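This briefing goes through a single protein chain topic by topic, with the sequence and the structure to be kept in view while reading.

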Amino acid sequence: MSVVSENAEKKFLTHTEIGMNVEAIVHSNALFDPHQHSRISLNQLILDLIKYRDSLPTIEEYVKSGRIKDGT
């Protein structure tokens, strides 16, 4: 089960907010099911992080909005 909403609206979150959300996703996936192989859990973690990344504005959109100075 994914902790990332499929219908998440793209919002310009702060550096701290993104970090806290990433930590929450990692933590929720770190509570591995003892009946599930860790390789499967790792795959789910990666999928959840990709979904979260895709729910956010791109780096280019952050730069264009002036919220970050460049892509670094």
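Which residues does phenylalanine 12 touch, not counting residues up to four places away in sequence? In this predicted model, the residues that phenylalanine 12 touches are Pro57, Glu61, Tyr62, Ser65 and Arg67, once those up to four places away in sequence are set aside. The points below start from the overall fold and then return to phenylalanine 12 and its partner.

**Overall fold**

- The protein has three helices and zero strands, and its elements, taken from the N terminus on, run α-α-α.
- Of the contacts between residues at least 6 apart in sequence, 66% join residues that are at least 24 apart.
- The protein has 72 residues, and buried residues make up 17% of them.
- About 5,800 Å² of the protein is exposed, and carbon and sulfur atoms supply 59% of that area.

**The aromatic pair**

- The structure holds one aromatic pair, and it is formed by phenylalanine 12 and tyrosine 62, whose ring centres are 5.0 Å apart and whose planes stand at 80°, so the pair is edge-to-face.
- Because phenylalanine 12 lies in the segment before α1 and tyrosine 62 lies in helix α3 (residues 59-65), the pair ties together parts that are 50 residues apart in sequence.
- The two partners can also be described by their exposure: phenylalanine 12 is partly exposed, with a relative accessible area of 35%, whereas tyrosine 62 counts as buried at 8% relative accessibility.
- Phenylalanine 12 and serine 65, which are 53 residues apart in sequence, have their C-alpha atoms 9.1 Å apart in space, and Ser65 is one of the residues that phenylalanine 12 touches.
- Apart from its neighbours within four places in sequence, tyrosine 62 is in contact with Lys11, Phe12, Leu13, Ile18, Pro57, Arg67 and Ile68.

**The nonpolar core**

- The largest nonpolar core has six residues in all, namely Leu13, Ile25, Leu45, Tyr52, Leu56 and Tyr62.
- In soluble globular proteins, nonpolar side chains tend to be buried together.
- Tyrosine 62 thus appears in two settings, as a member of this core and as a partner of phenylalanine 12 in the aromatic pair.

**Asparagines of helix α1**

- Asparagine 29 has its place in helix α1 (residues 15-30), and with a relative accessibility of 10% it counts as buried.
- Not counting residues up to four places away in sequence, asparagine 29 touches Ser41, Gln44, Leu45 and Asp48, and Leu45 is one of the residues of the largest nonpolar core.
- Asparagine 21 also lies in helix α1, but this residue is partly exposed, with a relative accessible area of 31%.
- With neighbours within four places in sequence left aside, asparagine 21 is in contact with Leu13 and Tyr52, and both Leu13 and Tyr52 are listed in the largest nonpolar core.
- The C-alpha atoms of asparagine 21 and leucine 49 are separated by 9.6 Å, although these residues are 28 residues apart along the chain.

**Surface features of helix α2 and the salt bridge**

- A nonpolar patch on the surface is formed by Leu42, Ile46 and Ile50, which together have about 220 Å² of accessible area.
- Within that patch, isoleucine 46 lies in helix α2 (residues 38-55) and is partly exposed, with a relative accessible area of 39%.
- The salt-bridge count comes to one, and the side chains that meet in it are those of arginine 53 and aspartate 54, at 3.1 Å from N to O.
- Side chains of opposite charge can pair when their charged atoms come close.
- Arginine 53 is exposed, at a relative accessible area of 52%, while aspartate 54 is partly exposed, at 43%; the cut-off for exposed is over 50%, so the two residues fall on either side of it.

**Helix α3 and the residues after it**

- Isoleucine 59 lies in helix α3 and is partly exposed, with a relative accessible area of 48%.
- The C-alpha atoms of isoleucine 59 and aspartate 70 are separated by 8.2 Å, the two residues being eleven residues apart along the chain.

Methods: Residues are numbered from 1 along each chain as its sequence is written. This is a predicted model: local features need pLDDT of at least 70, side-chain atom pairs count only at pLDDT 80 or more; totals for chains, interfaces and linings use all residues. Side-chain values use heavy atoms; hydrogens and water are left out. A salt bridge is a side-chain nitrogen of Lys or Arg within 4 Å of a carboxyl oxygen of Asp or Glu. Buried means under 20% relative accessible area, exposed over 50%, partly exposed in between (1.4 Å probe, protein chains only). Patches are made of residues with over 30% relative accessible area and no salt bridge: like charges are joined within 9 Å, nonpolar side chains (Val, Leu, Ile, Met, Phe, Trp, Tyr) within 5 Å. Accessible areas come from the Shrake-Rupley method with a 1.4 Å probe; for residues, only the protein chains shown count as cover. Helices (H or I, at least four residues) and strands (E, at least two) are DSSP runs, numbered from the N terminus. Contact means heavy atoms within 4.5 Å. A nonpolar core is a set of buried Ala, Val, Leu, Ile, Met, Phe, Trp, Tyr and Cys residues joined through side-chain atoms within 4.5 Å. Rings of Phe, Tyr and Trp (its six-membered ring) pair if their centres lie within 6.5 Å; planes under 30 degrees apart count as stacked, over 60 as edge-to-face and the rest as tilted.
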